[in-house]
Amino acid sequence: MPVTVLLVDDEPLVRAGLRAVLEAQPDIEVVGEAADGAAVIPMVRQLRPDVVAMDVRMPLMDGIEATRAVLRTVDSPPRILVVTTFEEDEYVYEALRAGADGFLLKRARPAEIVHAVRLVAEGESLLFPASVRRLAARYGDNHPPRGRLSEAGLTEREADVLRLMARGLSNAEMAARLIVGTETVKSHVSAVLAKVGARDRTQAVITAYESGFVTPG
C-alpha cells in the first residue's frame, strides 16, 4: 500500500512542487490539497491520509493550531510533517511541541523530501535529530518543563534507549549499539513512549530535552 499524503500550503507553487516530487515515487500517493490549516480536519476525516505535509505559517489557521486541532479531534490521526522556510524557526519548535512528527524545509532536495515523508510515515526514527536539538537549545527554555522524567519510572535500559532516540538512531541501529534484537528495542521504545506520555519519538525527545534528561547543547 502506498503512503498517502495530504498537502497543506497557501502557496499553489509549493503544493505543485511537492506533488510533482512525491507522485514520482511508486510508493507515495498525494490524495488531496488544501490552502489553509482551517481545511485540514474535514479533509483528514474524508481522505484518511497517512501523512499531512503542512505549511507552518498560513493566514487563517497556521500549522501549529492545525496540528493541535487534528490531534485533539481526529481518531487515529495521521503523521504530521510541518513544512517551513526557516530551519531554526520558533514556529517549527511550537509545531513540534503541538504534536507534529517532524519538519521539512521548502528548499529541500527532492530526495530529502521523499525521505522525510517515508521516515515520518514509518515513525521509526527521529527526523533531523541535530536540528531538533538546536531548536530545543534555542527555544526550550521558553516553556515550563514537561514533568520530571525521573518520575516516569524508566528502567536503565529504557533510559539508554531514550538517549539514543534523541540522537536519531533507528531501531536497527539501537539494536546493534545495545547488542539486542530489534524486537527488544521496539518493546523498549513502546515502553518509553507510554511512560513519558508521548505519541511518538519526537514528542518523547522534546520532553527529554525540556526536562533536562538530555542536554541539547
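These legends go with close-up views of a predicted model.

**View 1. Confidence along the chain.** Let's start with how far the predictor trusts itself: mean pLDDT for the chain comes out at 91, and 97% of the residues reach 70 or more. Confidence is highest in strand β1 (residues 3-8), with a mean of 98. At the other end sits helix α6 (residues 129-139), where confidence is lowest, at a mean of 89.

**View 2. The largest nonpolar core and its best-connected members.** This core holds 54 residues. Those that touch the most other members are Val 8, Met 54, Leu 96, Leu 162, Met 165 and Met 174. As a general point, nonpolar side chains in soluble globular proteins tend to be buried together.

**View 3. Zooming in on Val 8.** Leaving out residues up to four places away in sequence, Val 8 touches Ala 34, Asp 36, Gly 37 and Val 40, plus a run made up of Val 52, Ala 53, Met 54 and Asp 55, and also Met 58. There is a second, separate core too, with 22 residues, including Leu 7, Val 51, Leu 104 and Leu 127.

**View 4. A cavity and its lining.** Searching the whole structure turns up one cavity of 30 Å³ or more. The largest cavity encloses about 70 Å³ of space. Its lining is made up of Arg 79, Asp 101, Leu 119, Val 120, Gly 123, Ser 125, Leu 127, Asp 200, Arg 201 and Thr 202. Helices α5 (110-122) and α10 (201-210) are the elements that each give two or more residues to that lining. By character, the lining splits into four charged, three polar and three nonpolar residues.

Terms used: Residues are numbered from 1 along each chain as its sequence is written. This is a predicted model: local features need pLDDT of at least 70, side-chain atom pairs count only at pLDDT 80 or more; totals for chains, interfaces and linings use all residues. Side-chain values use heavy atoms; hydrogens and water are left out. pLDDT is the predictor's confidence in each residue, from 0 to 100. Helices (H or I, at least four residues) and strands (E, at least two) are DSSP runs, numbered from the N terminus. A nonpolar core is a set of buried Ala, Val, Leu, Ile, Met, Phe, Trp, Tyr and Cys residues joined through side-chain atoms within 4.5 Å. Buried means under 20% relative accessible area, exposed over 50%, partly exposed in between (1.4 Å probe, protein chains only). Contact means heavy atoms within 4.5 Å. On a 1 Å grid over the protein atoms alone, a cavity is a set of points where a 1.4 Å probe fits but cannot get out, and a pocket is an open set with protein on both sides within 12 Å along at least five of seven lines; lining residues have an atom within 4 Å of a point. Grid points are joined across faces, edges and corners, and a volume is the space filled by probe spheres set on the points. Ala, Val, Leu, Ile, Met, Phe, Trp, Tyr, Cys and Pro count as nonpolar, Asp, Glu, Lys and Arg as charged, and the others, Gly among them, as polar.
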